[in-house]
Every structure is written in C-alpha cells, then in structure tokens.
Amino acid sequence: MAGQKTFYLETFGCQMNVHDSEKVIGTLEQQGYARVETEEAADLILYNTCSIRDKAEQKVFHRLNDTKALYKQGKRFGVLGCVAQQEGERIFERAPFVSLVSGSASYRRLPEMLVQIEQGATRVTGLDDRQTEETFETEFTARSNPHRGYITIIEGCDKFCAYCVVPYTRGKERSRRSESVLAEARRMADSGFTEIQLLGQNVNSYRDPEGKRSFAELLAAVGEVPGIRRVRFTTSHPRDFTRDIVEAIDAVPSLCDHVHLPVQSGSSKVLRMMAREYTREQYLERIGWIKGARRAISMTTDVIAGFPGETAEDFEETLALLDEVQYDGVFAFKYSPRPNTPALSMPDSIPDEEKSKRLQILLDRQREIQRANYEKHVGQVLEAMVEGMNPARGQVVGRTSQNKTLNFTAAQPIAPAPGVYVPVLVTKAFPNSLVGEAVQ
Ligand code: 5AD
Ligand code: SF4
C-alpha cells in the first residue's frame with residue numbers, strides 16, 4: 001500500500017454507531033483512504049465512541065492511552081461519536097495527540113475535515129451541527145455483512161429522558177424522506193441483501209418530511225420491496241408506539257415477529273421521574289396490542305436498576321412487570337449518572353452495591369422467564385437465516401424471525417452458507433438460544 005493513505009477504525013456502542021461507522025468507512029474510502037486492520041498499519045486512527053454509561057465512556061480513554069505512543073510515529077488520531085460530542089474540545093486537553101473530534105451530526109462534513117487534517121491542522125472539530133435538519137446520507141456505505149444491512153431512517157433524539165445523554169450527543173430528531181429510504185432499500189435488495197434493519201434512536205418517532213408515509217406505512221413499504229425477506233426496526237419508544245405498527249406486522253409477512261420496547265422501569269412514579277412520558281398502565285396497554293396480534297410477536301426490553309429515588313417497592317413493580325409481560329430478552333443496566341442530564345442533579349441515592357443487587361435479582365428472574373419461553377419452541381419448525389458456523393460445535397449459527405439464536409446441524413455434506421434461509425426443527429432450548437436440526 002505504498003503511497004496510499006490508510007486508516008483504522010474501531011467502533012464502540014450501539015447499532016447506530018456500528019452503522020455510522022459503515023458510512024464513515026465508505027466516506028473515507030471515497031476520499032482515497034484504504035482501511036487496515038491494525039492501528040500500527042494506519043496513518044489515521046479513528047475511534048467511534050459511546051457515552052451512554054460511564055463505563056462505555058472510559059473505554060475510549062483507556063484505548064487512547066494504550067495507543068498514544070503511535071503518535072510519535074506520525075500517526076494522527078480522531079475521536080468520533082458520542083464521547084466526542086459530549087466532551088468536545090476538552091478531548092484535546094485530555095489527549096493532546098488527538099487531531100480530530102467530531103460528533104455524528106457533523107459526519108456530512110468529514111471530507112473537508114479530512115482535508116484539513118491532511119494539511120496539518122491539529123485541532124479539527126465537527127461539534128456545532130446538533131441543531132441541523134440534515135441527515136447523513138451517502139451512497140458510499142461500506143456495509144460489513146452482504147446479506148443483512150442497516151438503514152438509518154431517523155437521527156437524533158428530542159425525548160430528553162432524565163438519565164440519557166443521547167439528545168445532547170446526537171442532536172435534534174430529524175427523519176429522512178421515505179422515498180430516499182425506499183430507494184436505499186431497493187438498491188440493497190438489488191445487490192443481494194435480504195434483511196434490512198431500520199434504525200433510529202426512537203425509530204417509531206419517524207416523521208416523513210414530505211408527509212408521504214407514516215412509520216407503519218414505511219415499514220410495510222420496505223417489507224414489500226422485492227427480494228427483502230426480513231425487516232427489523234429498532235429502537236421503539238413506548239410513547240410513540242401506535243397500534244398500526246402491530247397491524248403492519250400482521251399484514252406483511254416479511255416484517256419480523258419482534259418488537260424491542262424499552263420500559264426502563266415498572267413503576268409509574270419512577271417513569272415520571274425519568275420523564276418517560278408514559279405510565280406503567282399505558283406501557284402495558286401497548287404490550288396488550290402486541291400480544292393481541294395474530295402472529296406471535298417476541299418482545300424484548302431495556303431496564304435501568306437503581307435510578308435516583310427508586311425504592312424497594314418501585315423495584316418490585318419492575319419485577320412484577322417482567323412476570324406479566326414475559327419478555328424474550330431484557331437488557332438491564334445499573335443507573336449511571338451522565339453529564340448534562342437532569343438526573344445528574346437528583347441525588348444518586350442508591351449505593352452501587354444495592355444497584356448491583358437489584359440488577360442481579362432482575363437478571364435471575366428474567367432468566368427463568370426466558371427458560372420457559374424458549375422451551376415452548378421445542379418441536380416447532382422455525383426458519384433460520386444462516387449467520388455462520390461454530391466449528392467447535394459443528395453447528396450452523398442461525399437467527400429466527402423473532403431474533404433468537406438457533407444453532408443447528410445440517411445433514412448435507414456442505415453446510416448452508418451465510419445468508420441462506422433454512423427450516424429447522426427445534427430440539428432443545430436454553431434461556432438464550434435454541435438448538436435444532438435442519439429439515440430436509
Ligand atoms: N444509566 C444506565 N443505563 C442507561 N441507559 C441509557 N442511559 C443510561 C444511564 N444513564 C440504558 C437505557 C437505554 C439503553 C440503551 O441504555 O436502558 O434504553
Ligand atoms: Fe452510545 Fe447512545 Fe451514542 Fe449509541 S447513541 S453510541 S448507545 S451514547
């Protein structure tokens with residue numbers, strides 16, 4: 001690669017970040033950079049960062065500390081994403097060898113920022129675009145999986161939950177035109193993708209700027225693109241979760257049987273303190289719509305344990321809600337105080353030990369719920385999309401429409417390739433995965 005500009009990029013955080021990185025990689029390649037696999041081989045080292053919890057944020061500073069010696073070899077460093085936006089120019093103080101700091105709302109301007117760096121600028125920033133109405137659209141997305149790909153339909157967040165940094169790191173809520181989303185979906189289908197995952201911090205808060213389609217209508221339209229067999233969407237906000245989303249799933253077979261609907265707490269009091277703008281009852285009403293669908297729709301959620309002021313009774317309400325809903329998966333986190341957020345000024349009243357205890361109780365309870373839920377699939381034939389092989393176990397790794405891992409054996413001499421859809425008889429269940437045999 002003599003003479004060619006090279007870059008290394010590592011991603012921390014959520015699917016939005018993973019997909020942003022795919023767009024950043026595409027943009028850099030378009031600017032004549034080649035991606036390399038190690039920091040040592042790169043001219044430009046980029047970290048796309050996450051600041052959702054303190055632990056996530058600390059990761060990038062540890063990483064920078066581990067690699068900063070490379071600066072002496074003339075390599076340049078860039079910090080992108082949520083920590084970049086949150087910490088801004090303070091990053092230059094903390095890590096003076098960094099030359100680029102950019103939040104996601106400024107990625108449209110990456111080409112010009114890259115030119116500045118190439119010209120020797122040492123403090124290039126993209127931090128002032130959080131009020132933008134623009135989304136980052138590029139035809140140069142370097143998708144890492146040729147079968148299953150993301151499309152961002154809405155960026156930013158206007159919800160301002162009391163605990164959350166995202167409105168400050170990703171800026172104002174802004175949707176893409178549904179025509180542009182559909183054009184991208186068609187292009188992907190034409191190049192062989194069969195699964196599309198629509199992304200947004202609050203994906204169902206989507207509002208077509210041209211007013212042509214509601215979120216549910218956009219879902220259905222993506223599901224009807226010829227060649228697309230599976231459509232997923234994440235993450236839904238309960239406040240904007242409308243019944244027509246469930247109706248769309250019932251009507252369009254390619255829409256997957258899965259809704260991720262973060263509840264955060266089962267106590268209406270805590271939900272009010274979190275500024276979630278729904279009560280326990282309103283949340284359960286939406287769960288009722290999902291359970292009332294003709295198809296069996298799997299549900300997963302996010303929960304925060306130990307939000308300021310959460311009493312033992314409040315926490316009990318969350319446990320009771322898990323029992324009532326019967327989720328197929330729960331992502332649970334200890335509350336972590338974040339800069340700029342309203343909850344930061346509420347006394348962080350729950351000791352860390354107590355947070356850990358609650359988290360463990362919750363995970364233990366949920367494990368038993370999942371054990372029973374997953375067990376119900378034994379004897380069913382489910383369609384698995386092949387993701388790869390687990391050579392150690394001699395199993396093919398697949399995923400069901402409900403987003404469950406289904407590991408299976410196939411009698412054919414050659415294992416089915418990634419991206420292939422295979423009917424599988426489920427023979428065994430664990431709390432987090434299913435095991436089966438391909439049906440001939
Ligand atoms: N502390 C702990 N968990 C948080 N989340 C968001 N902010 C915080 C925080 N300050 C969790 C929420 C959200 C998920 C992505 O991360 O549950 O849904
Ligand atoms: Fe992390 Fe939230 Fe930013 Fe995603 S949007 S990278 S979860 S802080």
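The domain assignment divides the protein chain of this predicted model into domain 1 (5–126), domain 2 (145–256), domain 3 (262–375) and domain 4 (381–438). This briefing addresses the interface of domain 1 and domain 3 and the surroundings of ligand 1.

**Interface of domain 1 and domain 3**

- The centres of domain 1 and domain 3, taken over C-alpha atoms, are separated by 34 Å; each side supplies 6 residues to the contact.
- About 470 Å² is buried between domain 1 and domain 3, and carbon and sulfur atoms account for 45% of this area.
- On the side of domain 1, the most area is lost to domain 3 by Arg 53, Asp 54 and Gln 86, which together make up 78% of what that side buries.

**Polar and charged interactions between the domains**

- The interface of domain 1 and domain 3 has 2 salt bridges.
- Asp 54 is in a salt bridge with Arg 338, with 3.8 Å between the closest N and O atoms.
- Between domain 1 and domain 3 there are 4 residue pairs in polar contact; the side of domain 1 that touches domain 3 consists of 3 charged, 2 polar and 1 nonpolar residues.

**Surroundings of ligand 1**

- The residues around ligand 1 include Arg 53 and Arg 338, and among the others are Tyr 163, Phe 333 and Tyr 335.
- Two side chains approach oxygen atoms of ligand 1: a polar atom of Asp 302 lies at 2.6 Å, and an N or O atom of Gln 264 at 2.7 Å.
- A polar backbone atom of Ser 336 is 2.8 Å from a nitrogen atom of ligand 1.
- Ligand 1 exposes 400 Å² when taken alone, and the protein buries 86% of that area.

Key
Residues are numbered from 1 along each chain as its sequence is written. Chains are lettered from A and ligands numbered from 1 in the order in which they are written. This is a predicted model: local features need pLDDT of at least 70, side-chain atom pairs count only at pLDDT 80 or more; totals for chains, interfaces and linings use all residues. Side-chain values use heavy atoms; hydrogens and water are left out. Domain bounds come from an automatic or database domain assignment. Contact means heavy atoms within 4.5 Å. Buried area is the accessible area (1.4 Å probe) that two parts lose on being put together, summed over both. A salt bridge is a side-chain nitrogen of Lys or Arg within 4 Å of a carboxyl oxygen of Asp or Glu. A polar contact is a pair of N or O atoms within 3.5 Å; within protein, one must be able to donate a hydrogen and the other to accept it, and residues adjacent in sequence count only if both atoms are side-chain atoms. Ala, Val, Leu, Ile, Met, Phe, Trp, Tyr, Cys and Pro count as nonpolar, Asp, Glu, Lys and Arg as charged, and the others, Gly among them, as polar. A residue is near a molecule or strand if one of its heavy atoms lies within 4 Å of it. Accessible areas come from the Shrake-Rupley method with a 1.4 Å probe; for residues, only the protein chains shown count as cover.
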